[in-house]
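These are my notebook entries on a structure that I opened for inspection. I record what I looked up, topic by topic.

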Amino acid sequence: MSEFKPQIFSGVQPTGNLHLGNYLGALRKFVALQDQMDCIYCVVDLHSITAQLVHDDLKSQTRSITAAYLASGIDPVKHIVFNQSAVPQHAELAWIFNCVARIGWMNRMTQFKDKAGKDRENASLGLLAYPSLMAADILVYRATHVPVGDDQKQHLELTRDIAMKFNLDFAKKIKEIGKGVDITVGDQPVHAFFPMVEPLIEGPAPRVMSLKDGSKKMSKSDPSDLSRINLTDDADTVARKIRKAKTDPDALPSEVDGLKGRPEADNLVGIFAALSDRTKADVLSEYGGQQFSQFKPALAELAVNVLSPVNAEMRRLIDDPAHIDAVLKDGSERAGAIAEKTMKDVHEIVGLL
Ligand code: AQP
């Protein structure tokens, strides 16, 4: 084999309502990539119990994220849509990766530090090992490209470290079973079983920021609902949240450079650009010199136009759980067949009888 087959993998946790950051950082990219490569999109339910073990409605959250995937335009027939726990090979490979990865690597993860807070000793072991499971999610399909928001960059670097260590630790065995691929990492030739995944982060809004504080990422767990636009918000709520978004008193600049040091302005222009598939420069060539009192209504109209159909389709799908469950079942069977093949080779490589 001369190179890895291009394969997309990504996932979203079923933890609460999806917001505009998830939509622009993940879902919209997922949809755009469908014409370019084979895609596997997962609802990562095992991840959602790392920070909070007991959920009242994990099943309905899982269905709701699936509905968001489908409503955004993901095709579950041409591609694969499924939930993580239905393919047990994710957890199995994660265990092997727990033995590949080093505790020091995990301790350095910003997301772990943020989520564990001051009381790290009391965080779950699962929260610490989260990136190991994420690496397994991706590599059990030997996926080569992962569309994510900017916040996941560090986890993907760790995925590469895990893949590299596995490839080097088991180099002899990988050669022996004839399932490796010759790649070059930096200047180093490696006979790899697992690919070095490439994050796909680019775009005008790789990190959508809070509408109330341009220095904080838009997030499900922000206590202020005004900080985010939820995919389930109705048109009036979307418009109201944009109207109330924090800004500065200056007019919009005509050049992208003029957004430096103006995080809230930069965020709103980035959102406009991402929602309209334009660049920030292009948006500013139209709105440069205008006040926020003119720009915000245009942004609100755009956001409502883009999000309303997604919102309506999501609601329709959520009312049809049998359809969602059938999509997930079909997806998990197809994903499971690929994962099983990888794990058969991994057993051989590691030497499990
Ligand atoms: N603000 C964001 N901007 C761009 N992309 C984002 N993503 C999340 N927030 C932003 C991307 O959405 C995908 C799914 O992420 P997840 O399921 O891991 O959710 P999350 O990152 O835990 O979402 P939150 O809202 O940030 O949750 P909390 O509040 O719990 O921390 C990923 O591709 C992610 O990059």
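The entries below cover the ligand site, the salt bridges, one buried residue and one surface patch.

**Entry 1, ligand site.** I noted before anything else that this is a predicted model. I then listed the shell around the ligand, which holds 21 residues, with Asp151, Lys217, Ser219, Lys220 and Ser221 coming nearest. By class, I found seven nonpolar, nine polar and five charged residues in this shell. I also checked which element supplies the largest share: helix 1 (residues 20-33) does, with four residues.

I next looked up backbone contacts to the ligand. A backbone N or O atom of glutamine 13 lies 2.6 Å from a ligand oxygen, and glycine 149 places a backbone N or O atom 2.8 Å from an oxygen atom of the ligand. For glycine 21, the partner is a nitrogen atom of the ligand, 3.2 Å from a backbone N or O atom. The ligand taken alone exposes 650 Å², of which the protein buries 93%.

**Entry 2, salt bridges.** I obtained a count of 22 salt bridges. I examined aspartate 38 and lysine 5, whose closest N and O atoms are 3.1 Å apart. Aspartate 38 belongs to strand 2 and lysine 5 to the segment before strand 1 (7-12), so this pair ties together parts 33 residues apart in sequence. I recorded aspartate 38 as partly exposed, at 39% relative accessibility.

I turned to aspartate 150 and arginine 207, which form a salt bridge with closest N and O atoms 2.8 Å apart. Aspartate 150 sits in the loop between strand 4 (145-147) and helix 7 (153-169), and arginine 207 in the loop between strand 7 (198-200) and helix 9 (235-243), so the bridge ties together parts 57 residues apart in sequence. Aspartate 150 is partly exposed at 23%, and arginine 207 is partly exposed at 36%.

I then inspected aspartate 225 and arginine 228, which meet in a salt bridge at 3.6 Å, N to O. Shared partners join Asp225, Arg228, Asp233 and Lys241 into one network of salt bridges. Arginine 228 is buried because its relative accessibility, 9%, is under 20%, whereas aspartate 225 is partly exposed at 37%.

**Entry 3, buried or exposed.** I looked up phenylalanine 295 in helix 12 (residues 292-318); at 0% relative accessibility, it counts as buried. Its C-alpha lies 9.1 Å from that of leucine 268, the two being 27 residues apart in sequence.

I closed with leucine 53, in the loop between strand 2 (38-43) and helix 2 (58-72). Leucine 53 counts as exposed, at 64% relative accessibility. With Ile49 and Val54, Leu53 makes a nonpolar surface patch of about 300 Å².

Technical notes
Residues are numbered from 1 along each chain as its sequence is written. This is a predicted model: local features need pLDDT of at least 70, side-chain atom pairs count only at pLDDT 80 or more; totals for chains, interfaces and linings use all residues. Side-chain values use heavy atoms; hydrogens and water are left out. Patches are made of residues with over 30% relative accessible area and no salt bridge: like charges are joined within 9 Å, nonpolar side chains (Val, Leu, Ile, Met, Phe, Trp, Tyr) within 5 Å. Accessible areas come from the Shrake-Rupley method with a 1.4 Å probe; for residues, only the protein chains shown count as cover. A salt bridge is a side-chain nitrogen of Lys or Arg within 4 Å of a carboxyl oxygen of Asp or Glu. Helices (H or I, at least four residues) and strands (E, at least two) are DSSP runs, numbered from the N terminus. Buried means under 20% relative accessible area, exposed over 50%, partly exposed in between (1.4 Å probe, protein chains only). A residue is near a molecule or strand if one of its heavy atoms lies within 4 Å of it. A polar contact is a pair of N or O atoms within 3.5 Å; within protein, one must be able to donate a hydrogen and the other to accept it, and residues adjacent in sequence count only if both atoms are side-chain atoms. Ala, Val, Leu, Ile, Met, Phe, Trp, Tyr, Cys and Pro count as nonpolar, Asp, Glu, Lys and Arg as charged, and the others, Gly among them, as polar.
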